[in-house]
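Visitor: I am in my first year and still learning to read protein models. Could you take me closely through the salt bridges of this one, in one connected answer?

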Amino acid sequence: MILRARHLSLRFGNVVALRDVGFDLHAGEVHAICGENGAGKSTLIKVLGGVHPHGSYEGSIEVAGREARFRSPRDAAAAGISVIHQELAYVDELTVAENICLGTEPAHWGFWLDRGAALQRATQVLERFGIALDPEAPMRALGVGQKQLVEIAKALARDARILILDEPTAALAAHEVERLLAIVAELRGRGIACVYISHHLEEVFRIADRITVLRDGATVCTIPAAAADAPTVVRHMVGREISDLYARGPAAPGPVLLEVADLAVADDRGTKRLQGISFSLRAGEVLGIGGLMGAGRTELLMHLFGAWGRRTAGRIMLDGRPAPGNPAAALRAGIALVSEDRRRFGLHLEESIAFNLSLSSLGEISRGGFVQQRVEMERNAASAQSLRLKADTLALPAGRLSGGNQQKVVLGKALLARPRIVLLDEPTRGIDIGAKLEIYRLIDTLRKDGCAVLLVSSELPELIGLSDRIIMLREGTIGGRFDDDKAFAPENLLRAAIGVLPR
C-alpha cells in the first residue's frame, strides 16, 4: 500500500465537501474515483495534492505507511504525488522540454537555465515511457492530447510514484484517448500507482483495478472493477436506478423557425471554415449536429448566434426574415446559445449564481434602468429549483460550483431569456451521469414545449438518443443527413463524418 486516506472531512462554511472519506491505493494499481459532480472528487484531489493544507481538514493521509502533513502542493510533489488537473498547466511560449522541467529547471550558477540539461532530461523521460513527442517542439504547436502527455511526462520527470489524473480524456479525440489509456497501462506495469477520475465509465472499466464511488461527499463503496458493471456503479453514484436514459416522446415538429441556405463562413484570417451548409430547423424538434473535432460544429453554432465568423455566401432566415447578426439581437429574437466552453463564454466565475442567471434577460426584470431585486430573486429561485441546482445560496460565486452545476446555471441563464431556438454545444461535456440525465430531460421538455433545439455532441449515443434528425459535418461541409432514426446506426454516422458513405 502506497497511499491511504482515513476519515477525511472538510467543510467550507456550512457546506460539507467531504464527510468521513476513506480509500487506499497500491503500487502498480489504477484506482478509479467515480461520482456525480459535487460528490467531492475535486476536493479529495486537492487534499491529496496539498492544495488544502494539513489542518484545514479532519482525518489523515498516509504515504508509504507514514502520516503526511502537506502544507502545499510542493510538499505533495516531494512525497511523490503529482496531480494532472483537467485544466492543464503549461506555457505555450516554451518548448516541450522546458515545460517538462518547469519548476525543477536545471540551472547554471543557480539561476541561468541549463537548456542542454533540460533537453537531455526531457528526452530521457519521453524515451523511457515511450511518449512520441519532439522535446524541442513549441507547446503551441501541439494538440490537446499531446499537451496532456507533456503533463504526464512532467510528473514522471519528478519521479512521481502516485499519479492523479482528473478527467484526462475530457477534451481528447478517440485516438488520443487510446494512446492515453495505453500510457496509463504502461505506468501501471512499471509500478506507478494511478488515481483515475472520469465520467466515462467505459474507460474506467477498461483501465481500473478498483473503483471507489463518492456520493454527497462520502464514500459509498470500493469494489473490484472486474466484479462490477456500469449500471451498478451508476446506481451507487446517484442512489437510484437509471433506466431509459434518453426517454423522449414521439416527434411532433411544427413550422420552420430557422432556415440556413448555402452558408459559407470564413474566420478572422479569411480562411473558409464552413461551406455549402443548408438545413432547416422546426419548432418542437431536436436537430443533432455531429462530426469529428475540427469539423466546424462549434463554428456553426457560434455563427448562427452572431458571435463568430464572416459570412461569405448564403443566408440565414429566422421566421422568413434575415436573422440578426450579433448576440444581443439574437437573444432579443429568441435565439439562445449554451457554449461548449462554459468557463470562458458561459459564466462570470467570480460573480454570484444569481448574477449569472439574470444576465441574458435583464430587460425582463428591470424598470427605468434598475433591476427589480424582488422579481429577480423570485425568478432565479424558481429557475434554480426547476434545474435542481445544488447550492446553499444563489449568492455563491459560480466558480465555486461543480462542473455539472455550472452547466445548469448556463442553461438556466439561457432559458430565462425564453428562447424559441436553443443552440446547445456539447451541453453534457465533463459532467456526471446524474446531471446528464437531468439535462436530457430538460432537452425533451424544451422539445415538447415547442422550442427548436440544435444539439452538438461528440458522444454518438447521446446524439442518437436525443435527436429527431442528424446532420454530420466533415471539414466544414455536410458529410451526411439522416432524417430517420432507423438510419442512426453509429457506423453510418461515422462513415459520414470521415467521408466514406456506403454506395
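**A close look at the salt bridges**

Guide: Let us begin with Asp-92, which forms a salt bridge with Lys-147, the closest N and O atoms lying 3.4 Å apart. Asp-92 sits in the loop between strand E6 (81–84) and helix H3 (96–100), while Lys-147 belongs to helix H5 (residues 144–157), so this pair ties together parts that are 55 residues apart in sequence. Please keep in mind that this is a predicted model. The two partners can also be described by their accessibility: Asp-92 counts as partly exposed because its relative accessibility is 27%, whereas Lys-147, at 9%, counts as buried. As a general point, side chains of opposite charge can pair when their charged atoms come close.

The structure holds 26 salt bridges, and another of them joins Arg-6 to Glu-62, with 3.8 Å between the closest N and O atoms. This pair, too, links distant parts of the chain, since Arg-6 is in strand E1 (residues 3–12) and Glu-62 is in strand E4 (residues 58–63), 56 residues apart. Here Arg-6 is partly exposed, with a relative accessibility of 37%, and Glu-62 has a relative accessible area of 19%. The cut-off for buried is under 20%, so Glu-62 counts as buried.

A salt bridge can also be found inside one helix: the side chains of Asp-444 and Arg-447 meet at 3.1 Å, N to O. Both residues belong to helix H15 (residues 433–448), and because they are three residues apart there, about one helical turn separates them. Asp-444 is buried, with a relative accessible area of 8%, and Arg-447 is buried as well, at 5% relative accessibility. These two residues are also part of a network of salt bridges, in which Asp-444, Arg-447, Lys-448 and Asp-468 are linked.

To finish, let us return to the end of the helix that holds Lys-147, namely H5, and look at what follows. Asp-159 lies in the loop between H5 and strand E9 (162–166), and at 56% relative accessibility this aspartate counts as exposed. Asp-159 and Ser-82 are 77 residues apart in sequence, yet their C-alpha atoms are 9.1 Å apart in space.

Key
Residues numbered from 1 in each chain as written. Predicted model: local features only at pLDDT ≥ 70, side-chain atom pairs only at ≥ 80, totals over all residues. Heavy atoms only, no water. Salt bridge = Lys/Arg side-chain N within 4 Å of Asp/Glu carboxyl O. Helix = DSSP H or I, 4+ residues; strand = E, 2+ residues; numbered from the N terminus. Buried < 20%, exposed > 50% of the residue type's maximum accessible area, 1.4 Å probe, protein only.
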